[in-house]
Amino acid sequence: MDEPKLHPILHRPHEYDISDFRYHIDSEEPSESFIEITLQKNTDSVTLRFWQPINLKIEEGFPRPTRGMVFYDRSADGLENIKIEVADFECSWGAITFCARSVEKVVTQS
């Protein structure tokens, strides 16, 4: 079986550390639920919002080291509301995994 295509939202996410993690649940409108993750690499910081997440799994040791974090593009799989997968290609401790409908970069105001 071929490995899925990498999602282009962030190049080499395994090189980043998680500096903030937030899960917002909208029980009245589940499609508005999201996971927001801020990733830090040296002085660079990026915040990603994953819409309508499912199957969240956080392993013991989270948030470190997350050194196997990878984002797969699942849009060609034909699954409803699953277009991106957050996975761990190293199976390292502290992994976070889930799937989501979509992802976007969050622009923060300075």
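**Two sheets, two asparagines and one cavity**

Good morning. I begin with Asn42, which is exposed, with a relative accessible area of 72%. The structure before you is a predicted model, and every value I quote is computed from it.

Why does Asn42 count as exposed? Because the relative accessible area of Asn42 is 72%, and the cut-off for exposed is over 50%. Asn42 sits in the loop that links strand 2, residues 34-41, with strand 3, residues 44-51. Its backbone also deserves attention: Asn42 is not a glycine, yet its phi is positive, at about 55 degrees.

A second asparagine may be described alongside it. Asn81, also not a glycine, has a positive phi of about 65 degrees. Asn81 is found in the loop between strand 5 and strand 6. With a relative accessibility of 29%, Asn81 is classed as partly exposed, since that class lies between the 20% and 50% limits.

I turn now to the sheets. Strands 2 and 3, on either side of the Asn42 loop, belong to an open sheet of 4 strands in the order 1-2-3-8, paired antiparallel. At its edges are strand 1 (17-24) and strand 8 (102-106), each of which pairs on one side only. On average, neighbouring strands in this sheet are turned by 20 degrees against each other, with direction ignored. Within the sheet, 5 bridges pair strand 3 with strand 8 in the antiparallel sense. As an example of residue placement, Thr47 is opposite Val106 of strand 8.

Strands 5 and 6, which flank the Asn81 loop, are part of another open sheet, with 4 strands in the order 4-7-6-5 and antiparallel pairing. Here the edge strands are strand 4 (54-58) and strand 5 (69-73), and each pairs on one side only. The average turn between neighbouring strands of this sheet is 15 degrees, again ignoring direction. Strand 6, residues 84-88, is joined to strand 7, residues 96-100, by 3 bridges, and the two run antiparallel. Val86 has Phe98, in strand 7, as its bridge partner.

Finally, the interior space. How many cavities of 30 Å³ or more are there? The count is 1 cavity, and the largest cavity has a volume of about 30 Å³. Its lining consists of Thr66, Gly68, Met69, Ala87, Asp88, Gly94, Ala95 and Ile96. By class, that lining comprises 4 nonpolar, 3 polar and 1 charged residues. The charged one is Asp88.

Thank you for your attention.

Technical notes
Residues are numbered from 1 along each chain as its sequence is written. This is a predicted model: local features need pLDDT of at least 70, side-chain atom pairs count only at pLDDT 80 or more; totals for chains, interfaces and linings use all residues. Side-chain values use heavy atoms; hydrogens and water are left out. On a 1 Å grid over the protein atoms alone, a cavity is a set of points where a 1.4 Å probe fits but cannot get out, and a pocket is an open set with protein on both sides within 12 Å along at least five of seven lines; lining residues have an atom within 4 Å of a point. Grid points are joined across faces, edges and corners, and a volume is the space filled by probe spheres set on the points. Two strands pair if DSSP finds at least two bridges between them. Axes are lines fitted to C-alpha atoms, for helices over the stretch in contact, and angles run from 0 to 180 degrees between N-to-C directions. Buried means under 20% relative accessible area, exposed over 50%, partly exposed in between (1.4 Å probe, protein chains only).
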